Amino acid sequence: MAAAVLPGPAADRPLRGSFNSDRQQVAIGTCLILLTGLAPSLLGNSYWEHAFQLVNIYIAVAVLQNLLFVDAGQKSFGQGAILGLGAYGLAIASGLNGMPLAAGLLAGVLAAAAGGLLFAMPALRVQGFHLGFVTMSAAIVFPQLLNQLDWFTRGLNGISMTIPALQTRPFAGISWLTLLVTAVPVVALLAHYALRQAPLGRRMRIAAESPEAARSLGIRPGIMRSLAFVLASVGTGICGLLYVPAVGFISPQGFLIELSFVFFFAVVVGGRGQLLGPIVGIWIVFILPTVFLVKLVEYKPLVYGLMTLAVVILFPDGVVGTFETWRRRRRQGGGGERGFRLEAVTRLFSALPDVPSADVGAAPVLTVRGATKRFGQVVALDGVDFDVRPGEIHGLVGANGSGKTSLLNVISGLSRLDAGRYQLRGRDMTRLAAAAIAEQGLGRTFQTPRVFQSYSVWNNLQMGLDARPAAPDPALAAALAALRDDHAEDSPSLLSHGQRRILEVVRVVLKDPSIVLFDEPAAGLSSVEREEFAALVRQLARKLGKAVVLVEHDLDLVWGIADRITVLETGRVVASGAPADLARDPAVQHLFVGGAHA
C-alpha cells in the first residue's frame, strides 16, 4: 500500500517552530559520536581509543533499544544476549572453524536475527513488562548456555579472534576499525530518524500505542512487533560483529544480564524516545561506572541502579527528555499554536467534484444478517439485520447498552460474531481479521479519540494517507498541502476534546474507505462544531459517495442528516426506516426521554 506523497516539501515553507527536535538531536548526536570516536586516534591516545570503540558499539545498540522500546512499544531486557549471538556467530564460524570472514559475518547476523525472531514469538502473546521478563530470562540463561556448550563455544576459556586488516591505519592515525565503530552508531541514529519519518515507523508507533486504531487502519500489530524485533536484532548483530575485533576476546562473562541492563537504563536515563538520549545515557550509565569507578567493578548492577534512580529523580523524563519537555512548554507558552477546525476540512472537500449519485436500488455496500454476539450470559446482539447503501447516511440509535458499539465492533472485526454473517461490497467478512476488513474499504472512529501525542497534528492526518490505497488526486493533494502547512508543527496536546474528535474523523476520511463507522463523533463538540460536522458528513455521502453509519446520542443531529435510521433495544432491531416515519412510530418514541434524546 503506497503512501500518499503531497507536493512541495514542508521544509521549504516557513514554520512557527519545531514540534520536536529530532533533526537537531540527530545533528548533535552525530557530531558527538564523530568527536569521541575519532579524537582519541587523532591525539594518539590508545586507551581512550579502545574505550570509545566499545562505547560507540554500545551507543549503536542503545539506539536500536530506543527504537524497540519506544517506537515499537516492546520492552526488551535481552539485547545483550542478541549482541552476544552476533559476536559468537562470527567467532565460532571464523575464529574456531576457519570459515571465510564473509561466512562468519553472515553467521553472526543470522544468529542475531534468529534471536530476534525468538524474542518476537512471545511478543505476539504478551506485552509490556511481561514481555520484558520473558526477554530478561533469555538474557540470564544465555551465558549459562555458553558455559554448558563448551565443546562448541569453549565456555569460560572464551574465543580469541582478531582481524588484522581492521587494525591498519590508512590516514591520520585512524584505523579501519575505528572508522567502522564510529560509522555504525551514526548510521543507526540516521536510520532511526528516517524510520520515524517513514510510513513504516508511523505504523509501528500506532500499533504500539493503540492496537485497535492500528487494525482500523489496516495495520497488523503482530507483524509490526515482529518486524521491529528483527530490525533491531539485525542491527544489534552487526554491532556484535564489531565487538569481536574491538575486544579481541569474547567469553560468557562479557554478556551477563547486566549488559542488557546497561542498554535499557541508557534509554531511560537519556530520555525515552529522544534520539540523542541513548548517547547521553551510555555516557552516564556506562562510562562513569566503568572508567571512573573502576574500584566498584564488582558492584556494577548496584551502581547502574543507583545512577538510574538518581537521574530519574532529578530528570523525570531523562536528561534529554526533560530538556525537550521544557522546550515544548516554553514554545507553547509563547503562543502560536492553533486549533484544528472542521471549517478548513469542509472547504477542503468542497473543492472536489461530485461523484455520480448512487441508484436508489443499488446493492448495499454493507449487509448484516442474523448478527448475534454474547458476552457470557449477556446478549449484546440478538439476530440483527442491517443494510447500508452507497452514499447513504444511516443513523444507528438506541439507549446505552442497546448494542450499537457492539455492532460496530463486529462489523470492523474487533469482535467476532457468535452467529450470523455480514458482507462488505459483496464479500463475506465474517471471519476476517480487523486489519483485513479495513483494507477492503472500511474505516471507523472510536468513542475515545485515538490521537497520538508523539506526532504533530499533520502527522496524525498523515497516518490516514499512509493507509490510503492510492495517492490522492491533484485537487485533493493541493488542498492537503495547505492543511499540512497550517498544522505540520502543531501539537495535538493543545487540542480540545472536540478538536481531537475532528482530527480522528478527518484521518479516517483520508484513508478513503467506502464505508465509515462513526461512534459518537459529536460528543464534546460545540454547537458550531456540530454544524460543521453535519456538513462534513453530508459531503462524505453526497460529494464523495461514502456510506456512513452514525452512532450518536444527539438525536437532533441524527434526524437532521440521516437518510435512514435503525433503532436498537437490548441488542434487537425494533424499528428501521426514514427519519420522518420513525418520528411517528410509537414503538420508537417511548425509548427517548421527551422524544428528543437517547
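The following exercises, each with a worked solution, concern a predicted model of one protein chain.

Residues are numbered from 1 along each chain as its sequence is written. Local features of this predicted model need pLDDT of at least 70, side-chain atom pairs count only at pLDDT 80 or more, totals for chains, interfaces and linings use all residues, and side-chain values use heavy atoms, with hydrogens and water left out.

**Exercise 1. The chain as a whole**

Task: State how many helices and strands there are in the chain, and what percentage of its residues count as buried.

Solution.
- Step 1. The chain has 24 helices and 12 strands. Helices (H or I, at least four residues) and strands (E, at least two) are DSSP runs, numbered from the N terminus.
- Step 2. Buried means under 20% relative accessible area, exposed over 50%, and partly exposed in between (1.4 Å probe, protein chains only). By this rule, 54% of the 598 residues are buried.
- Step 3. Contact means heavy atoms within 4.5 Å. Of the contacts between residues at least 6 apart in sequence, 75% join residues at least 24 apart.

**Exercise 2. The six-stranded sheet**

Task: Give the order of the strands in the open sheet of six strands, and identify its edge strands.

Solution.
- Step 1. Two strands pair if DSSP finds at least two bridges between them. Strands of a sheet pair through backbone hydrogen bonds, either parallel or antiparallel.
- Step 2. The order is β8-β9-β10-β5-β11-β12, and the pairing is mixed.
- Step 3. β8 (442-444) and β12 (572-577) are the edge strands, since each pairs on one side only.
- Step 4. From one strand to the next, the twist averages 15 degrees. Axes are lines fitted to C-alpha atoms, for helices over the stretch in contact, and angles run from 0 to 180 degrees between N-to-C directions.
- Step 5. β8 and β9 run parallel and are joined by three bridges, with G443 opposite V516 in β9.
- Step 6. Helix α16 (residues 404-412) lies across β5, β8, β9, β10 and β11 (564-569), at about 145 degrees to β9.

**Exercise 3. Strand β10 and its neighbours**

Task: Determine whether the residues of β10 are buried or exposed, and describe how β10 is joined to β5 and β9.

Solution.
- Step 1. β10 (residues 547-551) has five of its five residues buried.
- Step 2. A547, V549 and V551 lie on one side of the strand, V548 and L550 on the other, and both faces are covered.
- Step 3. On the β5 side (residues 393-397), four bridges make a parallel pairing, in which I393 is the partner of V548.
- Step 4. Five bridges join β9 (residues 515-519) to β10, again in parallel; here V516 stands opposite V548.
- Step 5. Between β9 and β10 the chain passes through helix α21 (residues 527-542), in a right-handed β-α-β crossover. Right-handed means that, with the strands pointing away from the viewer, the path from the first strand over the helix to the second runs clockwise.
- Step 6. α21 lies across β5, β9 and β10, at about 130 degrees to β5.

**Exercise 4. The four-stranded sheet**

Task: Find the strand order in the open sheet of four strands, and describe the hairpin formed by β6 and β7.

Solution.
- Step 1. The order is β4-β3-β6-β7, with antiparallel pairing. Its edge strands are β4 (378-388) and β7.
- Step 2. β3 (residues 366-375) and β6 (residues 419-424) are joined by five bridges, and T367 stands opposite Q423.
- Step 3. Two bridges join β6 to β7 (residues 427-428). The partner of Q423 in β7 is D428, while L424 stands opposite R427.
- Step 4. The β6-β7 hairpin has two residues between its strands, and R425 in the turn has a positive phi of about 55 degrees.
- Step 5. α16 also lies across β3, β4 and β6, running at about 65 degrees to β4.

**Exercise 5. Packing of α18 and α19**

Task: Describe the packing of α18 on α19, and classify the residues in contact.

Solution.
- Step 1. Two packed helices are described by the angle between their axes and the distance between the axes.
- Step 2. For α18 (residues 457-466) and α19 (residues 474-487), the angle is about 145 degrees and the axes are 8 Å apart.
- Step 3. V457, W458, L461 and L465 of α18 meet L480, L483, R484 and H487 of α19.
- Step 4. The contact has six nonpolar, one polar and one charged residues. Ala, Val, Leu, Ile, Met, Phe, Trp, Tyr, Cys and Pro count as nonpolar, Asp, Glu, Lys and Arg as charged, and the others, Gly among them, as polar.
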